[in-house]
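The following exercises concern the architecture of a single protein chain. Each task is followed by a solution in steps.

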Amino acid sequence: MSIPTVPGHGRSAPEPSAVAGERRQLLNIAYRLLGSLAEAEDAVQETYARWYALSPERREAVVSPGAWLTKVAGRVCLDVLGSARVRRERYVGTWIPEPLPDRADREGVRTEGEGATPTDPADRITLDESVSMAFLVVLESMTPAERVAFILHDVFRYPFGEMADILGRSPAACRQLASSGRRRVRAARTPAVPAARQAALLREFKEAWEARNIRALVDLLDPDATLSADGGGLVGAVLRPVRGSALIAQYLVHIADKAPGLTLLERTVNGVPGLVAQHAGVTVTVAAFELVEGRVARIWAVRNPEKLGPWTEGDRP
């Protein structure tokens, strides 16, 4: 897992295009900070509400609308992260970041071009390594201040001097927070697996699952693999991680036996190959994977229907 860079946030540009044009960047920042598309969209909406609550004179006095909006969005996300920790402690089962699809995998999504606008906030998220499920899960281990400092500086190249106003700390303290977050990412880093190899391995995994071939699944899983599921208390899902290749293989076959007609689709999940499970034409699970040395080491299965909105647009009613 490397530390990626997303092109920098916009600087001063004429009103109103400068303000409207920042929405994509703000949503990209907010999603990485919060791990939830719904919460990110709410944070961006709150940011714009604060902008338009300013008097015309105060808006005109802002030298760089992009910098102002980023600062406010960072503060909003910092507040949300603080309250989210309390909410997630009460969450039923494992909380997993909200998975995002690739636009090419979705049906009924208008192609962006002249005069076209994305039909869903998910279309505004840039899918790169900084939104891979493995990366987002590491971010969950950081304190809110670490996460804000690391994401804004290491991913979006936001200056520590300007970040100090967001976190209420000195630039030197912000630098230390980003460094601490960077160490967490480096400690969790695994060797990169070429995309073609990832796709091939996931295809083998899909075929073994469909065939209910426990031996083949065990061979494709790392002996110490872990499967975590997020049902949010709304649908059935294991409340604790399943550990070990044999137990995971048995669990997957058990799921297939309980849901005859389960269809597995190869899809891009947060920028890397993953699997989507549909039952009776309805998306019920989105699974993200982390591979280590040619085997599946982690599986994150999101079943909470409140997190599957972008995946269900083309589903049969």
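**Exercise 1. Determine how α7 and α9 are oriented and what forms their contact.**

Step 1. In this predicted model, α7 and α9 are roughly perpendicular to each other. The assignment rests on their axes, which cross at roughly 90° and come within 8 Å; angles of 65 to 115 degrees count as roughly perpendicular.

Step 2. On the α7 side, the contact is made by Ala145, Glu146, Ala149, Phe150, His153 and Asp154. The α9 side contributes Cys174, Leu177, Ala178, Ser180, Gly181, Arg182, Arg184 and Val185.

Step 3. Sorted by character, the residues of the contact of α7 with α9 comprise 7 nonpolar, 3 polar and 4 charged.

**Exercise 2. Classify the crossing of helix α6 with helix α7, and describe the surroundings of α6.**

Step 1. Helix α6 spans residues 133-140 and helix α7 residues 144-155; their axes come within 10 Å and cross at roughly 140°. This angle makes α6 oblique to α7, because only angles over 145 degrees count as roughly antiparallel.

Step 2. Phe135, Leu136, Leu139 and Glu140 of α6 meet Arg147, Phe150, Ile151 and Val155 of α7. This set contains 6 nonpolar residues, no polar ones and 2 charged ones.

Step 3. Since 6 of the 8 residues of α6 are buried, the helix is largely enclosed by the rest of the structure. Those buried residues are Met133, Ala134, Phe135, Leu136, Val138 and Leu139. They pack against α2, α7, α9, β5 and β6.

**Exercise 3. Identify which residues touch the most other members of the largest nonpolar core, and which elements supply this core.**

Step 1. The largest nonpolar core has 51 residues, and Val148, Ile151, Met163 and Leu167 touch the most other members.

Step 2. At least two residues of this core come from each of α2 (23-34), α3 (37-53), α5 (65-89), α6, α7, α8 (160-167) and α9 (171-188). The largest share belongs to α5, with 8 residues.

Step 3. Val148 may be taken as an example: residues up to four places away in sequence set aside, Val148 touches Leu33, Leu78, Leu81, Ile166 and Leu167.

Step 4. Another core, of 28 residues, lies apart from the largest one; among its members are Leu202, Leu221, Val242 and Ala256.

**Exercise 4. Establish the strand order of the sheet and name the strands at its edges.**

Step 1. The open sheet has 6 strands in the order β2-β1-β6-β5-β4-β3, and its pairing is mixed.

Step 2. Each of β2 and β3 (263-269) has a single partner strand, so these two stand at the edges and one side of each is left without a neighbour in the sheet.

Step 3. The pairings of β1 show both directions. Strand β6 (residues 295-302) runs parallel to β1 and is joined to it by 6 bridges, with Ser228 partnered by Trp300 of β6. Strand β2 (residues 242-243), in contrast, runs antiparallel to β1 through 2 bridges, and Thr226 has Arg243 of β2 as its bridge partner.

Step 4. Further along the sheet, strand β4 (residues 272-279) and strand β5 (residues 282-292) are antiparallel and share 5 bridges. Val276 is the bridge partner of Val286 in β5.

Step 5. Helix α10 (residues 195-210) lies across β1, β3, β4, β5 and β6, and runs at about 25° to β4.

**Exercise 5. Decide whether β1 is mostly covered or uncovered, and describe the environment of Ala297.**

Step 1. Strand β1 covers residues 221-230, of which 7 of 10 are buried, so that the strand is mostly covered.

Step 2. Ala297 is located in strand β6. The relative accessible area of Ala297 is 12%, and the residue therefore counts as buried, the cut-off being under 20%.

Step 3. Beyond its neighbours within four places in sequence, Ala297 is in contact with Asp222, Ala225, Thr226, Glu290, Leu291 and Val292.

Step 4. Ala297 and Leu227 are 70 residues apart along the chain, and their C-alpha atoms are separated by 8.6 Å.

**Exercise 6. State how many helices and strands the protein has, and what percentage of its residues is buried.**

Step 1. The protein has 12 helices and 6 strands.

Step 2. Of its 317 residues, 49% count as buried.

Step 3. Among contacts between residues at least 6 apart in sequence, 66% link residues at least 24 apart.

How values were computed. Residues numbered from 1 in each chain as written. Predicted model: local features only at pLDDT ≥ 70, side-chain atom pairs only at ≥ 80, totals over all residues. Heavy atoms only, no water. Buried < 20%, exposed > 50% of the residue type's maximum accessible area, 1.4 Å probe, protein only. Helix = DSSP H or I, 4+ residues; strand = E, 2+ residues; numbered from the N terminus. Pairing = 2+ DSSP bridges. Axes fitted to C-alpha atoms, helices over the stretch in contact; angles between N-to-C directions. Parallel < 35°, antiparallel > 145°, perpendicular 65-115°, else oblique. Contact = heavy atoms within 4.5 Å. Nonpolar A, V, L, I, M, F, W, Y, C, P; charged D, E, K, R; others polar. Core = buried A, V, L, I, M, F, W, Y, C linked by side-chain atoms within 4.5 Å.
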